[in-house]
Each structure stands twice: as structure tokens, then as C-alpha cells.
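Hello,

Here is the structure I promised to pass on. My notes follow below it.

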Amino acid sequence: MLALLVTLLLCVATSAFSQWQQVANIDAGASAKMISHGSAVFLYGFQGSIKFHRTTDNGTSWTDMSSGPVERFNDIFSFNGMLYATYLNRVYTSANLGQNWTLLSTLTVANGALNGLASDGTTLFVFSNRKSVFRSTNSGTTWTELLINDPNISNIIDFAARGNRYAAV
């Protein structure tokens, strides 16, 4: 009787909470990322080569946009109606859902490269794989470097900000 009750509960729980459905079968690698930007969702990563796909119809169809400048990007981020991307010491933007990219800024990163982008909602940040974080209060037109002076941090993997408080790992 107990086994029947447990089986029944598992069946009810499984059907009640199984609302996910697969909408695509795109292998973008173990470190793949997804971002939402306006009416689009982007899936990007590396699996033998760069994978960069976009959907604007809730995943019914996906456009492969893996060629061009996106072949070099290591992070893509949505902020204030624009897409931003990083590659080496450069920040790029796209105003048309990733169709075209424009070089926005070139930053000086001592012995490193830009690793990713973050925001606290009003300020845009780009962080390096060393001890540098750059802050922009004007959507990337100008940047101020913030150095992390912690001897225990030599390589920033991820970064978050809230007001004037920052977290880096």
C-alpha cells in the first residue's frame, strides 16, 4: 500500500511540475549562456566552434548567427536597449538584435582580457580576467577603472554590482 501511495504521489508531482518543454537541440557546449534582450533570446557558447543563435518567436525557430565578429566574443550582455559584447580589450554594441556589431571602446587591460559584462541597473560594468573592473555611467561612452587590491584575487571569473558594493570571484 505504501509503495502504491509513493508511486501515485511521484506521478502527480511529476506531472504537476513538468511544464518545461524542449524547443531546440543546439549544442553550444558546457559553458553555454542564454540572454534575453527585447523580443529575442540568444544562445551562445563554444562546442568545437562558436555557436550563436537567436530566436524571436519563443523558441519555435532559431537563426544561426555564428559567423562574423561574434566568432570572437566571450560575453554578450543586454543593457539599456542595446546588446554589448566583449573580446580581448574591446567592447562592441549592437542595436539591431545582433545583426551588426560596432566597436564601442578599447580599454587597457594589463596582461589580460575583458572577461564579461554586468550591471546594477543604471551603471554598466566590464570586468577583466585580472584585477580590473571598468565602470560606465553613460552606456559605455567613457569608462573608469576600478582596481581590486586584494592579494587573494588574481583572476576575476564573475562580477556583480549593487550600487557602490561589488562582488567578484
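How many cavities of 30 Å³ or more does the count come to by this rule: on a 1 Å grid over the protein atoms alone, a cavity is a set of points where a 1.4 Å probe fits but cannot get out? The count is 1 cavity. Its volume is about 30 Å³. A volume here is the space filled by probe spheres set on the points, with grid points joined across faces, edges and corners.

First, the ground rules. This is a predicted model, in which local features need pLDDT of at least 70, side-chain atom pairs count only at pLDDT 80 or more, and totals for chains, interfaces and linings use all residues. Residues are numbered from 1 along each chain as its sequence is written, and side-chain values use heavy atoms, with hydrogens and water left out.

Confidence

The protein chain has an average pLDDT of 82, and 89% of the residues score at least 70. (pLDDT is the predictor's confidence in each residue, from 0 to 100.) Residues 1–13 are below 50, and this stretch has 0 contacts in the model beyond near neighbours in sequence. Contact means heavy atoms within 4.5 Å.

Cavity and pockets

Y44, I50, K51, F52, V70, F73 and I76 line the largest cavity. Lining residues have an atom within 4 Å of a point. Strand β3 (residues 50–55) gives the most to this lining, with 3 residues. Strands (E, at least two residues) are DSSP runs, numbered from the N terminus. By class, the cavity lining has 6 nonpolar residues, no polar and 1 charged. Ala, Val, Leu, Ile, Met, Phe, Trp, Tyr, Cys and Pro count as nonpolar, Asp, Glu, Lys and Arg as charged, and the others, Gly among them, as polar.

A pocket is an open set of points with protein on both sides within 12 Å along at least five of seven lines. The largest pocket holds about 240 Å³ of space. Its lining has 16 residues; V23, A24, M34, G59 and W62 lie nearest the centre. Strand β2 (residues 40–46) gives the most to this lining, with 3 residues. The classes are 9 nonpolar, 7 polar and no charged.

The second largest pocket has a volume of about 200 Å³. Its lining includes S31, K33, Y44, E71 and R72. Again β2 gives the most, with 3 residues. Here the lining divides into 4 nonpolar, 3 polar and 3 charged residues.

Sheets

One open sheet of 4 strands has the order β1-β2-β3-β4, with antiparallel pairing. β1 (33–37) and β4 (63–64) stand at the edges with a single partner strand each, so one side of each has no neighbour in the sheet. Two strands pair if DSSP finds at least two bridges between them. For β3 and β4 there are 2 bridges. H53 has D64 in β4 as its bridge partner.

Another open sheet of 4 strands runs β9-β10-β11-β12, also with antiparallel pairing. Its edges are β9 (114–119) and β12 (144–147), each with a single partner strand, so each has one side without a neighbour in the sheet. Strand β11 (residues 132–136) is joined to β12 by 4 bridges. R135 has T144 in β12 as its bridge partner.

One residue to look at

F77 lies in strand β5 (residues 75–79). Not counting residues up to four places away in sequence, F77 touches I35, M82, L83, Y84, L117, A118, S119 and L124. F77 and M34 are 43 residues apart in sequence, and 9.5 Å apart in space, C-alpha to C-alpha.

Best regards
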